[in-house]
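Colleague: I'd like to go through this one with you. Can you show me the model, and then I'll ask how you know what you say?

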Amino acid sequence: MSVTDTAKDLQDERLLERQGVRGVLDGVIDRARGGDLGMIPVVAGLVVIWTVLQILNSYFLSSANLVNLAMESAAVGVIALGVVCVLLVGEIDLSVGSISGLSAAIVAVLFVDQGLPVWAAILGAVVAGAVIGWLYAQVYNRFGVPSFVVTLAGLLAFLGFQLWVLGAKGSINLPFDSGLVFFAQLAFVPAWLSYVLVAVAAGGLFATGFLHARERRGAGLSFKSVSTLLARSAALLLALGFVVWYLNQTRGVGWMFVFFVALVLVMHYLLTRTKWGRAVYAVGGNTEAARRSGINVKAVFTSAFVLCTTFAAVGGILAAARLAAANQSSGGGDVNLNAIAAAVIGGTSLFGGRGTAFGALLGIIVIQSISSGLTLLNLDSSFRFMVTGAVLLLAVALDSVARKSRTSHGRA
Amino acid sequence: MSAQQNVLSLRGVTKTFGAVAALTDVDLDVAAGEVVAVVGDNGAGKSTLVKILSGVHPADSGTITFESKVVGIPTPAAAQHLGIATVYQDLALCENLNVVENLFLGQEVRPFRLNEVEMETRSWELLRQLSAKIPTVRVPVASLSGGQRQTVAIARSLLGDPKVIILDEPTAALGVAQTAEVLNLVERLRERGLGVIMISHNMADVRAVADTVAVLRLGRNNGVFAVKDVTAEDLIAAITGASDNVVAQRAARRTEGGVRP
């Protein structure tokens, strides 16, 4: 091939030519060897966990159980999505559990005790969550207190605040006939609509890919061929179609899960396709370089903290709606660590600058699978804590090893 | 060389940190299309000079004239706005981002729907202009060599269309071949008509690429030489002050005699 008809970005003779499915696979293997594991550990982990749990209990992979699993994932998954944001800038929020509990309590008190309309109660809780994140960011930016200390203090303080809001009763039930509880427990996507959504997703993937390829072609850059794009969309169509079909054998796909997936998609867009997202990765990768590039580093930290606590508040509302109650143990127990574990298992680095919104989705499915499987085996929470702890440790260890490997392979 | 050709001129710049006078009464001139090397021993004030020009520290006194206007440089943003770009010694690149992302960091095209295609096209144009040897712009900067990273950092500083570019120790951490690559790059900057200030303590590099050498010693000017008529020994003497240099003696006599213009 002569230089003239080669795309502008493929002219260097040192570039290895990689084409088709084989080329894609080679690229993945290459990156994994260099420590850029991406989604490999979480997908592999999911396969192993599902296989083992299915062997131990044949109900595990049944449609009914998976429908439940998806519904259970949504609340903590939304919290994990927030944790991804804050981990990306290289900070951490240990108080997401307490904030979710506090937000559950606020919704219950405003809605049930004060008799406000449900949207006002939800708005109140979400605003409270956002304000907490803003406070964290102020303390972090002004005084330079490490985020794990600020949020550890928040963990305790907002747990106390939650108990105070709930008052002497300690537990408030949400009425079953409210829209909130209906949304979290009984609202399922009609079968026909679920297939339409799958088709829209596959079509959307193809359309964006096609437009992008056309633009790159116009600019003389390399581009994905139409057949590759078609194959990719067809694979998505088949995979999603199968999942939806299987779930539709029983109750189907819950609206709450769809809501969670929609949030993941929005965050994915914000992180990958906007200036703000670029700034988040830059701050997580090299704060000083980001500052010298003219990025308002403090504003980026503030946005990450606010997003994290806001998502924690939303997750808390969803959890309360699912339970149809807010009580003293809302957001307690393993919610905190499950959310952080989901983010880390999904491939978000604790060291900042690396991770994706989809990681939260896959990570929470792993965590929730373990939880659901162990419950099915009649093992109580003691075992669940131990297993989840071990999985979290494994994920963090993998992250650290991959980081070392990246450094030695020059991928940082 | 007449004064109006100078794109950047410093006169009597002084900077103290507490009781330490880091720079005293320093003058420096840079013309368009000229490479000025600033050399000096450790503690000579080279880094302080860079920081004043890039807006990290403001000068205590003295004037900075940029394109015939007296200017102040209170912040890094002000320096960039004027058209003074700085490539720091540590390069300030994000290793987790790829070349395009680093080049356009903080000045992305179309903030709410990034125009990746335009950014990639412009990246290639820029890198081609610099004859940069970077195989692909979609790899993380972490996987590039030292010389390639230096190229990316310099290319990034060119995006704002600067008039003067300051390179802080551009060859300090590089091998022989990579150093040569960066020196080629410096020559290309000169061909583009930029004023280049190169901080260095490598005499070979300075003599290879610079037009003018300004020597700093203990925070003061210790002579400005045209590279073509100065020997390495003279430079080293001026830097170390070992053979109390002729230029400095002459300057001192003239100041005492009151004949300084």
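Modeller: Start with H6(A): its buried residues pack against helix H4 (96–113), helix H5 (118–143), strand S1 (171–173) and strand S2 (325–327) of chain A. Helices (H or I, at least four residues) and strands (E, at least two) are DSSP runs, numbered from the N terminus. This is a predicted model, with local features needing pLDDT of at least 70, side-chain atom pairs counting only at pLDDT 80 or more, and totals for chains, interfaces and linings using all residues. Residues are numbered from 1 along each chain as its sequence is written, while chains are lettered from A and ligands numbered from 1 in the order in which they are written.

Colleague: Which residues in H6(A) are buried?

Modeller: Among them are Val150(A), Phe158(A) and Leu166(A). Buried means that 20 or more other C-beta atoms, placed from the backbone, lie within 10 Å of the residue's own.

Colleague: What makes the span of H6(A) close to the one expected?

Modeller: The expected span is 1.5 Å times one less than the number of residues. H6(A) has 20 residues, so 28 Å is expected, and the helix reaches 27 Å from its first C-alpha to its last.

Colleague: How do you know which residues of chain A and chain B are in contact?

Modeller: Their C-beta atoms, placed from the backbone, must lie within 7 Å. By that rule, 29 residues of chain A are in contact with 26 residues of chain B. H11(A) gives the most to chain A's side, with 5 residues.

Colleague: And Val83(A), what is it in contact with, leaving aside neighbours within four places in sequence?

Modeller: Its contacts include Asp93(A), Cys308(A) and Ala343(A). Val83(A) is also one of the residues with the most contacts inside the largest nonpolar core, which has 180 residues.

Colleague: What makes that a nonpolar core?

Modeller: It's a set of buried Ala, Val, Leu, Ile, Met, Phe, Trp, Tyr and Cys residues joined through C-beta atoms within 7 Å.

Terms used: Two residues are in contact if their C-beta atoms, placed from the backbone, lie within 7 Å. A residue is buried if 20 or more other C-beta atoms lie within 10 Å of its own, exposed if 12 or fewer, and partly exposed in between; C-beta atoms are placed from the backbone.
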